[in-house]
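Trainee: I am new to this structure and would like a close look at one part of it, the place where a helix of one chain meets a helix of the other. Could you walk me through that spot and then show me what lies around it?

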Amino acid sequence: MNLKNFKIDLSNKNKDLIPQILTILFLVLVIIYFTINAQDNMGNRGISFGFGFLSQESSFDITFSLIDYDGSHSYARAFLVGLLNTILVSSIGIFFATLLGVTVGIGRLSQNYLIAKSAEWYVEIFRNIPLILQIFFWYFAALRALPLTVDSINFYDISFLNVKGWYVPKFIWTNFSIFFYSIILATISIIFFSRYARKQRDEFGKQLPTFYVSLGLLVGLPLLTFLIGGVSLSFQIPELEQLSTTVYVYKGGVSIIPELISLALALSMYTATFIAENVRAGILGVNKGQKEAAASIGLTKAQILKLVVMPQALRIIIPPTTNQYLNLTKNSSLAAAIAYPDIVLVFAGTALMQTGRAIEIISITMLTYLSLSLSISVFMNWYNKKIAIKEK
Amino acid sequence: MKPSKENLTSFVIFGGFFIFISFLDVLLNTFLNLNFTGFLPSKLSYFAPLILGTIGLYFIRIEFSGNKLLDKINTNFNSTNFNAILTLIVIFTLIKYIPPILNWFFFDANFSGNSKEDCTGSGACWVFVKVWFNRFVYGMYPDAEQWRINSAFILLFSLVGASFFVPLKIKKYLLIFLLFVYPIIGLKLISGGDFGLKYVETGAWGGLSLTFIVSAFALILCFPIGMFLALGRRSSLPAIRYTSIGFIELWRGVPLITVLFMSAVMFPMFLPDGTYVDKLIRVLIAITLFEAAYMAEVIRGGLQALPKGQYEAAKSLGMGYWRMHFLIILPQALKLVIPGIANTFLALVKDTPLIFVVGLLELAGMVNLAKTNPKWLGMAMEGYVFAGLVFWIICYAMSRYSQNLEKKLSTER
């Protein structure tokens with residue numbers, strides 16, 4: 001009897017073990033096969049696996065960089081430039097995509113027939129055209145139709161738009177660090193104040209004007225640094241300069257290159273359609289009874305929106321929207337198609353061409369994106385747990 | 001002076017007059033270049049139609065007027081001052097920008113001729129699209145052999161069409177033929193090499209047909225892989241579960257363009273020296289694995305949404321793992337996630353232009369190539385508008401079809 005049972009147990013265990021062992025064996029064999037081949041191939045080309053090349057001189061230039069960079073810097077520095085450019089265009093894209101997406105999403109629920117229809121068609125049109133085509137359209141067709149440098153479009157004499165890019169005033173700070181610290185201080189005090197306000201509300205039922213105090217802190221403290229902290233800000237306005245009879249350039253100010261403009265435009269307009277759908281689904285997802293219940297206990301319309309509808313709608317909206325932010329960041333790699341120097345173009349493009357170290361460079365690039373994605377999804381899981389309805 | 005029901009006619013006439021003037025101003029401004037509010041300060045003149053229109057709409061905003069048309073206008077376009085302003089802005093923008101766009105598209109556009117010099121009008125030069133149309137559809141595929149692509153696609157469409165009408169018994173075999181035999185026939189027909197067909201290398205494939213080929217193959221292949229990955233991720237065997245999780249998260253975490261880069265430069269390093277895998281095959285593998293990871297997550301959503309009772313019922317009937325999944329679980333789970341599957345397919349179609357990174361030119365890539373042709377410089381707008389229109393029609397039709405399918409398959413309980 002005992003023996004029989006033992007046998008059945010063993011066979012069950014075997015049934016579970018065999019596919020697992022086969023899977024692992026298969027994986028290990030594939031990895032060994034690839035490694036051997038890779039070693040062979042690299043040996044034939046006279047390169048050995050390693051990341052030492054990162055500290056070598058890169059000797060190529062990058063057209064647009066947020067930090068100091070030229071050909072004498074290392075490959076690691078070039079990687080950093082690319083990464084920063086990716087982060088720059090993603091943050092711009094995320095900001096405008098959210099703005100546009102929320103507007104369009106609310107617009108789709110408008111009572112106004114025209115607004116609802118326009119919002120719907122905006123979504124249908126921009127969602128169903130490949131992003132890369134939209135980038136091409138803005139870069140090669142729309143922005144190329146802008147005037148030449150000499151007759152730029154003039155925005156109130158401080159900012160100029162032409163085919164070479166968009167020239168905006170440069171901020172010149174004195175004592176920027178004091179200003180920066182004041183903003184951090186303001187943020188911290190806002191957090192403490194809102195905690196205090198919540199405590200007051202929970203314990204004594206007192207409503208403190210959190211919003212106005214926060215706004216006051218956020219505006220007031222930095223303003224104070226201008227008045228007494230010795231912080232000052234001046235603008236360097238771009239000026240037209242004639243180099244020869246036909247060649248004009250803008251000197252001074254900050255130039256935003258057309259690659260960045262078209263990429264940011266396309267990314268935000270494309271992603272906004274998805275965010276709009278999320279926002280719409282979120283607001284529709286709040287039960288009508290919730291609004292009616294809130295109204296029946298005497299909350300005002302603004303209070304209903306702020307205290308009842310939004311917290312529930314946000315719970316539906318935020319997870320898929322974070323996913324869209326992640327998609328936007330990954331989609332920013334399409335920059336390579338129009339030569340915006342992001343991480344893919346700079347590192348997986350130029351640096352790879354020069355060094356020929358395909359395995360190292362592609363792995364670094366993929367790992368960068370992977371760690372970005374994984375960290376956001378870990379954060380998302382934490383956030384989801386935090387805002388999940390706590391049922392008793 | 002609040003608008004009321006008592007003086008309905010006078011308020012409507014009064015408001016209508018204001019609205020009429022505001023529209024007249026905009027229309028004259030756009031079509032005849034006349035500005036009869038020009039005597040006002042420039043900013044005020046610019047906003048005059050908006051202000052007049054808002055006042056007019058305010059006067060006709062009378063609730064329960066008894067007039068059906070008026071009530072309809074008020075509830076749909078004019079419920080508050082804010083809505084009134086939005087309505088006016090939308091209408092004025094349409095009046096101002098639709099005519100120039102239509103002019104560019106149709107009325108001033110050039111349709112006849114066969115060179116850039118024939119484009120004399122101020123509108124779009126559709127001659128460019130006409131001349132390059134063959135290339136946009138077939139890429140660099142030799143003209144004399146294009147019947148092969150045509151017949152492959154006609155065969156595909158007739159098979160798909162037939163599968164809608166034949167009885168269920170034959171349908172099963174037709175689907176198996178479509179999924180397992182047809183891809184080989186189609187590929188052989190297009191690439192050639194045997195049966196007296198001239199060999200056409202994949203570098204010459206291109207245009208819209210390549211878009212279809214890539215998306216169709218990736219679509220057929222990524223579905224089963226995604227299904228097994230989804231099952232693997234929910235498996236109770238740790239080795240299989242963690243392998244699936246790792247595989248899915250790896251592909252989902254990186255952009256497709258880096259995957260394609262990998263297939264182009266890194267993948268050959270992993271193969272024995274001297275082996276050459278065709279560019280198109282490598283791209284197909286890369287896109288398939290990439291989309292399979294997304295497909296797996298979508299299918300997993302369906303598996304998770306099924307009530308536990310379904311599993312228990314299947315087990316109590318004595319079904320094993322595979323029978324349970326293929327007969328009970330997957331048919332229900334897949335039905336639940338049709339919108340998600342359709343979205344993945346849509347994303348796949350929209351991702352195909354990215355194959356330009358390995359030098360394969362489908363529609364968008366061909367437009368890129370055509371616009372740099374010295375004889376056709378400055379045609380970027382026409383090219384991209386055409387390509388955008390084609391993609392839009394495909395994707396919009398697909399999304400509509402999936403919505404219908406969802407409605408048809410929903411089993412209300």
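Mentor: Let's start with the helix pair itself. In this predicted model, α10(A) and α10(B) run roughly parallel to each other, because their axes cross at roughly 10°, and angles under 35 degrees count as roughly parallel. The two axes come within 11 Å, and the partner helix in chain B covers residues 256-266.

Now look at the side chains that belong to this meeting point. From α10(A), the contact draws on Val344(A), Ala348(A) and Leu352(A). Facing them from α10(B) are Ile257(B), Thr258(B), Phe261(B) and Val265(B). Sorted by class, the residues of this contact are six nonpolar and one polar, with no charged residue.

It helps to step back and see the whole contact between the chains. Here 48 residues of chain A are in contact with 42 residues of chain B. On the chain A side, the elements that give two or more residues are α1 (2-45), α3 (113-127), α4 (131-142), α9 (301-331), α10 (343-355) and α11 (358-387). So you can find our helix, α10(A), in that list. The biggest giver is α1(A), with 12 residues. By class, the chain A side holds 30 nonpolar, 13 polar and five charged residues.

How are the chains divided up? For chain A, the domain assignment gives domain 1 (75-169 + 237-387) and domain 2 (170-236). The C-alpha centres of these two domains of chain A lie 27 Å apart. For chain B, the assignment gives domain 1 (8-107) and domain 2 (127-141 + 200-409). Between the centres of domain 1 and domain 2 of chain B, taken over C-alpha atoms, there are 47 Å.

While you are in chain A, have a look at its sheet too. Four strands form an open sheet in the order β1-β2-β3-β8, with antiparallel pairing. β1 (153-155) and β8 (254-256) of chain A are the edge strands, each with a single partner, so one side of each has no neighbour in the sheet. On average, neighbouring strands of this sheet are turned by 20° against each other, direction ignored.

Going strand by strand, β2(A), residues 159-162, is joined to β3(A) by three bridges, and the two run antiparallel. A hairpin of two residues links β2(A) to β3(A). Across this pair, Phe160(A) has Tyr167(A) of β3(A) as its bridge partner. β3(A), residues 165-168, also pairs with β8(A) in the antiparallel sense, over three bridges. There, Trp166(A) stands opposite Ile256(A) in β8(A), and Val168(A) stands opposite Val254(A) in β8(A).

Finally, a word on confidence. The model scores ipTM 0.87 and pTM 0.86. Chain A averages a pLDDT of 84, with 95% of the residues scoring at least 70. Chain B averages a pLDDT of 83, and 99% of the residues score at least 70. One stretch to treat with care is residues 3-10 of chain A, where pLDDT stays under 50 and the model has zero contacts beyond four places in sequence.

Terms used: Residues numbered from 1 in each chain as written. Chains lettered and ligands numbered in written order. Predicted model: local features only at pLDDT ≥ 70, side-chain atom pairs only at ≥ 80, totals over all residues. pLDDT = per-residue confidence, 0-100. Domains from an automatic or database assignment. Contact = placed C-beta atoms within 7 Å. Nonpolar A, V, L, I, M, F, W, Y, C, P; charged D, E, K, R; others polar. Pairing = 2+ DSSP bridges. Axes fitted to C-alpha atoms, helices over the stretch in contact; angles between N-to-C directions.
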